[in-house]
Amino acid sequence: MTGAGAVPKTGLPAVEVHDLTVAYRSNPVLWDVDLKVPEGRLVAIVGPNGAGKSTLLKTILGQVRQTTGWVQVYGEPYATRRSWVGYVPQRESVDWDFPTLAQDVVTMGLYGRIGWLRRPGRRHREIALSCLERLGIGHLAGRQISQLSGGQQQRVFLARALAQDARLYLMDEPLAGVDATTEKAITVVVVHHDLQTVPEYFDHVVLLNMRLVAAGAVEEVFTAENLQQTYGGRSSILTRAAEALFASKATLKE
Amino acid sequence: MEWTYTVRNVLVGSSLLGLTGGVLGCFALLRRQSLLSDALAHAALPGVCVAFLLTGSKSPEVLLAGAMVAGILGAFAILGVIRNSRIKEDAAIGIILSVFFGIGIVLLTWIQKLPSGNQSGLDRFLFGQAATMGTDDIRLLSAVTLLVLFAVVLFFKEFKLVSFDHGFGVSLGLPVKLLEFGLTSLLVLVVVIGLQMVGVVLMVATLLTPAAAARQWTDRLGAMLLVSGGIGAVSGSVGSLASATIPRVPTGPAIVLVSSVILVFSLMLAPRRGMVWAMLQDRLVERRIRRENLLKDLYLAGERGIGFGSWVTLPILMGYRGLSGSGLLRSARRLVKNSLLERSGDQLRLTADGIREAAKVVRKHRLWESYLSRRLELPPDHLHRDAEMMEHALSDEVVDDLDRRLGYPERDPHGKPIPREAS
Amino acid sequence: MSDTFVILLVGCMVASSCALVGTFLVLRKMALLGDAISHSVLPGIAIGFLLSQSRSSLVMVVGAGALGVLTVFLVERLQRSGRLYADASIGVVFPALFAVGVILISRYASMIDLDLDCVLYGEIAYTPWDLVVVAGTTVGPRAVWVTGLTLLLNLVVIGLFFKELKLVSFDPGLCEALGFRPVRLHYLLMALVSVTVVAAFESVGAILVVAMLVVPPCVAYLLVDRLVLMLATAVASGCIAVFAGYGLARVLDGSIAGGMAVAAGGLFILAFLLSPRYGLIASWIRRRRAVGRYPAQ
């Protein structure tokens with residue numbers, strides 16, 4: 001596992017996306033996106049339903065093929081930086097009735113390191129257990145995954161990503177417990193749905209609605225104007241979020 | 001039954017097929033390819049016919065190679081239809097299954113009218129004829145079994161990951177497509193081998209039924225593969241022996257019937273998941289609820305002024321919930337045995353322990369009502385029914401936590417006192 | 001009536017009945033439940049046959065219908081119990097029932113003039129010679145009566161419950177909210193499927209019934225968007241498949257039912273490639289054009 005500060009900074013952007021367009025059939029999901037995520041930040045991707053947030057993550061991970069453009073992770077294509085990246089998919093993307101235990105799922109995060117033809121050994125199981133313990137669910141290691149609550153299932157996925165021992169975490173799911181990964185040089189990119197908590201948890205934000213609306217430090221980019229542009233100014237949650245933001249800014253300044 | 005060469009062949013063959021089918025069936029089941037495997041069985045038929053037409057050979061290797069190609073083509077055709085049109089998966093499977101099979105039937109009827117095709121024996125692929133199995137077939141089946149088991153052991157961890165979380169496998173850089181193709185190819189291989197033994201329609205059960213039964217007994221994939229293989233082998237041997245013993249019972253249906261019986265048994269009685277246990281559990285909970293209600297009613301009667309621990313007659317209690325006297329007495333019997341209740345004739349009263357137990361139930365009810373009214377701002381007349389259910393479901397720790405969060409309220413929203421733990 | 005005419009008439013009536021119920025199956029993503037029913041009615045047919053000792057009896061239809069409904073019931077119970085996936089529930093139920101049917105038929109083969117080949121892929125070619133005799137006079141081939149009555153039943157039921165079926169296919173939740181009892185409608189539809197399958201059994205066989213249930217509605221689904229049009233298109237393409245299939249079988253001297261399934265498959269390929277709205281070629285052209293559209297806003 002990573003000791004505190006064990007990962008030196010590379011000085012490269014954690015993610016760089018250039019001229020990215022992704023289309024399903026003939027419908028574009030992402031259009032002409034240019035994005036640079038600096039190293040060592042907590043980043044929220046924010047946007048309405050169908051804005052392409054998940055697709056952006058999946059494209060970075062090579063799960064979805066882009067129509068045009070390129071993606072780099074720490075200055076290299078994803079394929080060569082694979083071991084640097086940990087991934088938390090959406091909880092609904094798998095079958096939770098699958099016959100496997102929480103600890104086995106976490107061990108899957110180590111498969112890349114274990115390699116072909118070898119089975120996970122005791123050492124790997126111990127790593128898995130310690131990842132579960134870091135998230136406070138060590139006692140659930142031997143549970144079948146369907147017997148976990150939704151929040152516990154999320155944490156199992158997070159523990160699996162921790163086991164990957166990465167320096168960039170991509171999370172397709174808003175999570176409580178993100179702080180378990182925080183460390184200076186580590187970058188965390190989260191698809192986030194709760195606008196009000198953005199300024200509280202994150203220091204960097206990406207506003208997305210098929211096109212990139214804005215990206216940058218929260219205090220610069222997370223403005224009512226940008227949110228309006230992202231959400232089309234319909235949502236009342238939006239206004240409340242903006243108010244919450246201004247309130248928090250006001251208190252910061254005082 | 002005579003222990004003949006044929007019987008032995010069929011027995012060995014059916015057990016081997018059951019074993020491999022059971023193991024691979026687990027992956028088919030978990031990857032939601034149950035009905036794909038059905039389609040594969042049907043799609044193989046034209047392959048058999050074309051292979052025969054092209055080579056004129058009846059050797060199992062040639063025919064199976066043809067079946068294999070057609071099966072994989074069918075699988076790709078289904079994928080192609082789903083990906084490139086608005087047709088959904090179920091309909092796509094139905095289309096490929098029936099159209100490929102139609103092609104197969106047309107070719108088959110045509111072949112049977114050819115001079116060379118008269119005795120081709122291709123129709124055994126339709127219904128399966130285990131009895132025609134020769135040593136060649138057994139040898140082929142053994143080889144396939146070994147190959148399947150070898151592959152599953154070698155790539156267990158990768159197959160597991162691909163079956164559970166495809167996307168994560170991609171992000172780890174596993175050749176997911178190749179692994180999936182490998183699994184599907186093994187599936188096709190077993191399906192086409194099985195066709196001549198159990199036939200087109202029943203092949204799907206050879207794969208799925210043991211796997212579905214095994215799933216009831218275990219929560220781990222490794223164990224599930226073992227149990228499923230075991231159930232498959234047992235069904236294969238018992239079924240083939242039954243069909244050898246009882247006249248005019250074909251092998252394939254006998255095997256499927258045995259595994260189906262095992263499935264029903266597993267669904268009913270497997271520990272934890274068995275439906276019988278779930279039903280018993282429900283009954284127990286129901287009885288506990290009835291006992292708790294009786295305690296509570298006695299407590300409330302006491303609260304209304306007659307004093308806790310005084311006698312209450314059965315007709316009064318019956319009036320509270322419209323229950324029958326015999327039902328109440330049944331609940332009371334257990335409570336009397338646990339000395340929470342005393343009974344004399346048709347009168348009941350709480351003991352000191354009983355008062356304490358009843359107070360707990362009432363406390364849960366009133367705390368929950370308080371919680372609802374405070375947190376959800378529900379009007380008082382909406383609270384009771386919900387609390388009536390929650391009082392039986394809340395655990396003691398949760399209730400204490402609730403109490404703490406509410407700031408240890410004295411009274412519930414209706415103004416009734418909330419009993420404290422007797423301390 | 002000439003033999004060819006009888007075969008084509010029976011084929012078209014089977015195809016129309018199947019297309020009508022099949023459309024709802026496809027829309028409700030239950031195509032494979034139709035497949036399952038077409039197999040699991042076998043023990044019902046066998047038992048009905050054993051009880052009544054005749055091929056054309058009502059007992060047989062009732063037996064098969066009961067088994068069809070039983071199949072649906074079992075599949076749903078398993079699914080809802082949470083112990084088995086939906087697709088696997090279908091995949092374990094119908095082979096079990098089919099196995100029972102096969103064993104019944106082969107155990108009592110001497111008593112039953114019902115042969116397995118015929119059950120699986122039917123023999124529409126013999127329908128003209130199997131005549132119904134009422135009070136000493138022949139009133140036409142039995143299959144014409146059976147399939148005709150089935151078609152009539154289908155038309156009446158779907159006509160009566162058209163708006164409810166439409167609603168339940170589109171939004172079962174809303175249907176329930178409006179008080180239409182989706183469960184009852186569901187069983188009604190499934191009973192209709194069972195009866196249709198039994199009627200089609202002898203002429204096209206169990207497996208090719210599936211072709212008629214699934215393929216023509218899918219062809220229609222690729223061509224049109226409105227339910228009424230979809231029903232009509234499905235019936236039309238089913239009938240075209242019958243004619244083309246008969247021709248194909250004549251040329252190849254092969255199974256007529258098989259030929260019809262192949263023809264239906266051919267129609268599907270045409271629609272899959274050429275449909276103006278949802279076809280492969282149309283969407284390919286659209287994709288080509290799409291590159292370079294979506295200019296900067």
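This presentation goes through a predicted model of three chains, A, B and C, chain by chain and then residue by residue.

Good morning, colleagues. Please keep in mind throughout that we are looking at a predicted model.

I shall begin with chain B. Its secondary structure consists of 18 helices and 3 strands. The radius of gyration of this chain is 32 Å, whereas the globule rule gives 22 Å for 423 residues; the value is well over that figure, so chain B is more spread out than a compact globule. The C-alpha trace, taken along its principal axes, spans about 100 × 55 × 35 Å.

How is chain B divided into domains? Domain 1 covers 5-270 and domain 2 covers 277-350. Between the C-alpha centres of these two domains of chain B there are 58 Å.

Let me turn to burial and surface in the same chain. Of the 423 residues in chain B, 55% are buried. The chain exposes about 18100 Å², and 62% of that area is supplied by carbon and sulfur atoms. As to contacts, if we take those in chain B between residues at least 6 apart in sequence, 70% join residues at least 24 apart. On the matter of charge, chain B carries 45 positive and 35 negative side chains. The centres of these two sets lie 3 Å apart.

I now come to individual residues of chain B, taken in sequence order. Arg32(B) sits in the loop between helix H1 (5-30) and helix H2 (34-55). Its phi is near 60 degrees, which is a positive value in a residue other than glycine. With a relative accessibility of 37%, Arg32(B) counts as partly exposed, since that class lies between the 20% limit for buried and the 50% limit for exposed.

Further along we reach Val200(B), in the loop between helix H9 (176-198) and H10 of chain B. Is this loop residue buried or exposed? Val200(B) is buried, at a relative accessible area of 1%. Which residues does it touch, once neighbours within four places in sequence are set aside? The contacts of Val200(B) are Asp38(B), Ala41(B), His42(B), Phe101(B), Phe125(B), Leu126(B) and Leu195(B). By way of contrast in position, Gly56(B) is 144 residues from Val200(B) in sequence, and their C-alpha atoms are 22 Å apart in space.

The next residue of interest is Arg215(B), which belongs to helix H10 (residues 203-217) of chain B. Arg215(B) has a relative accessible area of 3% and is therefore buried, the cut-off being under 20%. What does Arg215(B) contact, leaving aside neighbours within four places in sequence? From chain A there are Asp97(A), Phe98(A), Pro99(A) and Gln144(A), and from chain B itself there are Met224(B) and Arg273(B).

The last residue I wish to show in this chain is Ala352(B), in helix H16 (residues 352-376). Ala352(B) is exposed, with a relative accessible area of 54%. Its C-alpha atom and that of Gln129(B) are separated by 74 Å, the two residues being 223 apart along the chain.

Let us move on to chain A. Here the secondary structure comes to 10 helices and 9 strands. Among its 254 residues, 52% count as buried. Its accessible surface is about 11300 Å², with 49% belonging to carbon and sulfur atoms. For contacts in chain A between residues at least 6 apart in sequence, the share joining residues at least 24 apart is 64%.

One residue of chain A deserves a closer look, namely Tyr74(A). This residue lies in the loop between strand E4 (68-73) and helix H2 (78-81). Tyr74(A) has a phi near 50 degrees, again a positive value in a residue other than glycine. Tyr74(A) is buried, with a relative accessible area of 0%.

Finally, chain C. It contains 13 helices and 2 strands, and buried residues make up 57% of its 297 residues. About 12400 Å² is exposed, 69% of it supplied by carbon and sulfur atoms. Among contacts in chain C with a separation of 6 or more, 70% are between residues 24 or more positions apart.

Within this chain I would point to helix H3 (residues 42-52). Which of its residues are buried? They are Leu42(C), Pro43(C), Gly44(C), Ile45(C), Ala46(C), Gly48(C) and Phe49(C). After H3(C) comes Gln53(C), whose phi is positive, near 60 degrees.

That concludes the presentation. Thank you for your attention.

How values were computed. Residues are numbered from 1 along each chain as its sequence is written. Chains are lettered from A and ligands numbered from 1 in the order in which they are written. This is a predicted model: local features need pLDDT of at least 70, side-chain atom pairs count only at pLDDT 80 or more; totals for chains, interfaces and linings use all residues. Side-chain values use heavy atoms; hydrogens and water are left out. Helices (H or I, at least four residues) and strands (E, at least two) are DSSP runs, numbered from the N terminus. The radius of gyration is taken over C-alpha atoms; the globule rule is 2.2 Å times the number of residues to the power 0.38. Buried means under 20% relative accessible area, exposed over 50%, partly exposed in between (1.4 Å probe, protein chains only). Contact means heavy atoms within 4.5 Å. Accessible areas come from the Shrake-Rupley method with a 1.4 Å probe; for residues, only the protein chains shown count as cover. Lys and Arg count as positive and Asp and Glu as negative; His and the chain ends are not counted. The place of a charge is taken as NZ of Lys, CZ of Arg, CG of Asp or CD of Glu. Domain bounds come from an automatic or database domain assignment.
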